[in-house]
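Visitor: Please show me how to read cysteines, cavities and cores in a model.
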Amino acid sequence: MENSPAADPGKAGKAQQQQAENAPQSGERPDQGQAPAPDHYNPTNQHHVSDPIEAPDVANAKYRHDILAQPPEALTGLRLEPRQTVAAGVTAVLKSMEFSWAEGGVNRGTRGLLKMNQKDGFDCSSCAWPDPDHHRSVAEFCENGAKATASDADDKSCGPEFFARHSLAQLSRMTDRDQNNAGRLTHPMVVRPGSNHYQPIEWAEAFQLIADELNALDSPDEATFYTSGKVPNEPAFLFQLFVRQFGTNNLPDCSNMCHESSGAALSSTLGLGKGSVTLNDIHEAEVIMIIGQNPGTNHPRMLSALQEAKRNGAKIISVNPLIEAGLNHFKNPQDFMNPFRALGALMGNGTVITDVYLQVRVDGDMALLRGLMKHLLAAEELNPGQVFDHAFINQYTEGYEAVVENVRNTSWEEIEAVSGISRADLLEAANLLATKKKIIACWAMGLTQQRQGVQTIQELVNLLLLKGAIGKPGAGTCPVRGHSNVQGDRTMGIWEQTPKPFLDALGKEFNFTSPTAHGYDTVDSIKAMHQGKVKVYFGLGGNLLAAGPDTEYIAEAMRKQNLTVFVGTKLNRGHLTTGKTALLLPCFTHADVDMQRGGHQMTSCENSMGVVSQNKGVLVPLPGQMLSEVAILSGIAIATLGEKTNIADWVAMTENYDVIRDHISRVIPGFENFNEKLRRPGGFYLPNGPRDRNFTTEDGKAHFTKTELEKYEVGADELILMTIRSHDQFNTTIYDYNDRYRGIHNERRVLFMNALDMADRGLQAKDLIDITSHFNGQERTVEKFVAVPYDIPRGNVSAYFPEANPLIPIGSVAKGSNTPTSKYVRVTVVPTRKTTGAPVELRMGAEA
């Protein structure tokens with residue numbers, strides 16, 4: 001069905017090109033070209049919104065608004081079991097089948113699974129863990145990928161009849177799981193001023209409505225355009241093109257709330273805000289550090305790579321406040337199909353993953369890293385030249401002496417107090433690092449969402465630079481991205497502070513002058529919406545209400561908008577808290593066949609390791625009026641921009657996505673011959689300077705960073721909260737109420753607490769509690785959670801998002817990245833108080 005390029009022999013798509021294979025063998029560096037990828041981070045000239053912020057009334061919001069912004073407080077019946085010590089196994093296989101067949105039926109569900117992550121199939125819409133370059137198994141997916149694809153393949157429709165039966169207020173009282181399970185969105189819908197129902201609208205009217213609202217603004221900067229990391233490269237490129245032709249750089253995205261700290265830290269130290277390793281490097285590493293990441297739930301396919309590394313002799317150091325099953329043992333479902341491993345996989349405990357487990361305090365990772373380096377420095381001074389890689393340091397780096405002095409001047413008392421890890425336990429981990437050169441550091445939100453997330457990642461880079469563990473096989477940085485194309489969206493220009501060379505190339509290609517002033521990121525967009533500086537919110541996928549901090553503050557900001565536009569595939573809570581007018585526009589998923597005039601179209605995604613590969617749907621879309629993201633954006637651009645843009649080009653790009661890729665190939669370094677390279681089985685690697693020790697900083701050197709180890713005072717009764725996801729959710733999408741690895745069943749409103757902290761407060765297991773966060777004299781309270789004793793450091797607690805997001809202050813952000821501090825929230829916990837308010841009565845009749 002791939003007809004579009006074959007009609008012109010001069011274009012990509014010829015048979016011999018589709019058979020091309022350039023993936024690297026083990027131990028080789030990929031053929032990735034020389035051009036620097038456009039992901040440099042420049043924090044200058046940011047214009048953060050800094051007006052005074054008042055805390056929303058979180059606890060009483062349910063009495064003041066009939067449309068709930070927070071998930072309902074009704075408990076669903078907690079059942080506790082001991083936490084598990086083994087991830088995956090037979091249960092994961094059974095759960096994958098259960099979700100797939102329940103959502104899409106046996107035939108549709110199975111077809112989706114068998115084509116997911118295949119070279120001729122579609123990219124998993126959940127995490128961005130890379131696929132193997134060469135051989136891929138028949139079942140190249142994990143349990144959570146299967147859940148995501150099952151949700152995408154849902155054969156139930158959520159169309160006009162559904163919305164006619166349910167008002168926004170009624171829908172808001174459904175759980176997040178039940179909203180997602182309502183089915184696929186199939187028709188464009190609108191909420192008119194004063195209405196409490198979504199009603200059908202024709203696409204042409206929807207496009208014109210958006211155009212009229214945007215063109216009526218006093219300035220293009222009065223609109224903000226949010227992007228989900230699920231959006232493929234081609235629509236992402238069109239989105240930022242439309243927004244910049246409209247006249248603003250207000251392009252917040254989910255990366256602002258997750259790996260923005262990684263981009264800031266890596267760009268300033270290594271010259272590129274992306275990781276430097278490939279999947280083959282994981283297999284070859286001698287030591288792998290997994291810090292602030294839970295792969296068993298968040299990136300389960302990573303466990304297969306860790307298993308391969310362990311079989312090759314690697315040692316693994318895990319750093320996490322919680323003991324996670326996926327960092328303990330792993331039973332690989334693929335082993336059940338291997339006659340030599342099947343019995344062991346079925347009967348045994350699987351592969352031991354972690355060699356040294358450091359149960360760090362929340363926000364104590366920088367101190368832990370400082371302690372590791374202090375041990376290594378002592379070993380280097382006793383064994384000069386045997387621990388640090390001075391040849392690498394002298395040739396490739398700057399700032400070594402200042403960092404060594406900083407490490408030397410940090411006391412062990414301070415390190416132990418902040419990290420919660422003893423000097424002896426740190427020595428055990430340091431001994432694994434001391435004699436090894438092939439070291440990989442993997443991290444995720446556990447680092448990036450700390451107050452000092454940027455500085456902690458810089459400290460992690462310091463450790464790798466001391467060891468010369470950058471730019472060679474088996475060594476480097478591995479920030480593990482949490483959504484399928486969040487890294488690709490940034491490469492495509494979805495960024496509020498995209499560098500001028502990108503903007504100049506974009507303007508030259510499309511014959512316009514792009515705005516250059518930095519726009520609003522996610523946090524600043526929310527603030528600007530709340531303060532009336534932004535009047536139109538456009539969300540291309542995602543669920544900002546549930547993903548962002550300070551849920552009720554976001555809800556207040558949304559209600560102040562003249563227009564809110566949501567492009568999505570399934571209903572979520574963020575679609576219900578709207579502006580005066582709201583549009584809900586249904587689009588295809590990765591799994592859907594996208595037929596345009598040019599034939600069966602494909603898109604592309606970039607994974608965590610810089611590989612761009614094709615994404616070609618295999619499932620016939622449900623009956624209805626869904627459009628592709630490309631078609632939706634083109635329709636909006638044509639209606640809004642009119643003669644200010646080349647309408648014929650937008651039409652051509654919609655009819656044949658090769659035209660989009662031709663434009664990309666002339667704008668973005670590394671995408672030359674994009675159409676040809678995308679048709680190579682497995683895709684192609686983007687340029688990556690640090691991978692080859694080509695550090696694209698201003699002086700061409702990798703930079704050590706002197707960081708300050710800050711210790712914050714916590715009140716006598718206060719605990720430090722971090723938010724996490726359960727095993728039965730992906731990002732803000734809730735598949736079920738269970739978290740079997742942690743022993744939680746049929747409930748999400750739980751708070752994991754150290755048993756001694758519970759005893760201090762007179763709490764027992766399953767007691768109902770209220771949680772209050774404290775920030776700059778402000779308080780935010782959520783009610784009716786369940787206390788659960790758990791193995792977590794004293795003084796720390798943990799809860800699921802989005803339920804705990806109302807506690808995270810919009811003003812509490814990481815230094816240098818403006819990322820919300822979801823991994824550092826000061827809270828107090830008390831038994832649930834009897835509420836005095838009365839629930840809002842639902843209006844009947846036209847508003848019911």
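Guide: We take the cysteines, then the nonpolar cores, then the cavities.

Guide: This is a predicted model, in which local features need pLDDT of at least 70 and side-chain atom pairs pLDDT 80 or more, while totals for chains, interfaces and linings use all residues. Residues are numbered from 1 along each chain as its sequence is written, and side-chain values use heavy atoms, with hydrogens and water left out.

Visitor: How many disulfides does the count give?

Guide: A disulfide is a covalent bond between the sulfur atoms of two cysteines. The rule here asks for a pair of cysteine sulfur atoms within 2.5 Å, and the count is zero.

Visitor: Why is Cys 254 not bonded to Cys 258?

Guide: The sulfur of Cys 258 is the closest cysteine sulfur to that of Cys 254, but at 5.2 Å it is too far for a bond.

Visitor: Which residues touch the most other members of the largest nonpolar core?

Guide: In soluble globular proteins, nonpolar side chains tend to be buried together. A nonpolar core is a set of buried Ala, Val, Leu, Ile, Met, Phe, Trp, Tyr and Cys residues joined through side-chain atoms within 4.5 Å; buried means under 20% relative accessible area, with a 1.4 Å probe and protein chains only. Here, Phe 225, Phe 237, Phe 242 and Phe 538 touch the most other members of the 58-residue core. Helix H10 (residues 233-246; a DSSP run of H or I, at least four residues, numbered from the N terminus) gives this core its largest share, eight residues. Another core, of 53 residues, lies apart from it and includes Phe 388 and Phe 695.

Technical notes. Buried means under 20% relative accessible area, exposed over 50%, partly exposed in between (1.4 Å probe, protein chains only). Helices (H or I, at least four residues) and strands (E, at least two) are DSSP runs, numbered from the N terminus.
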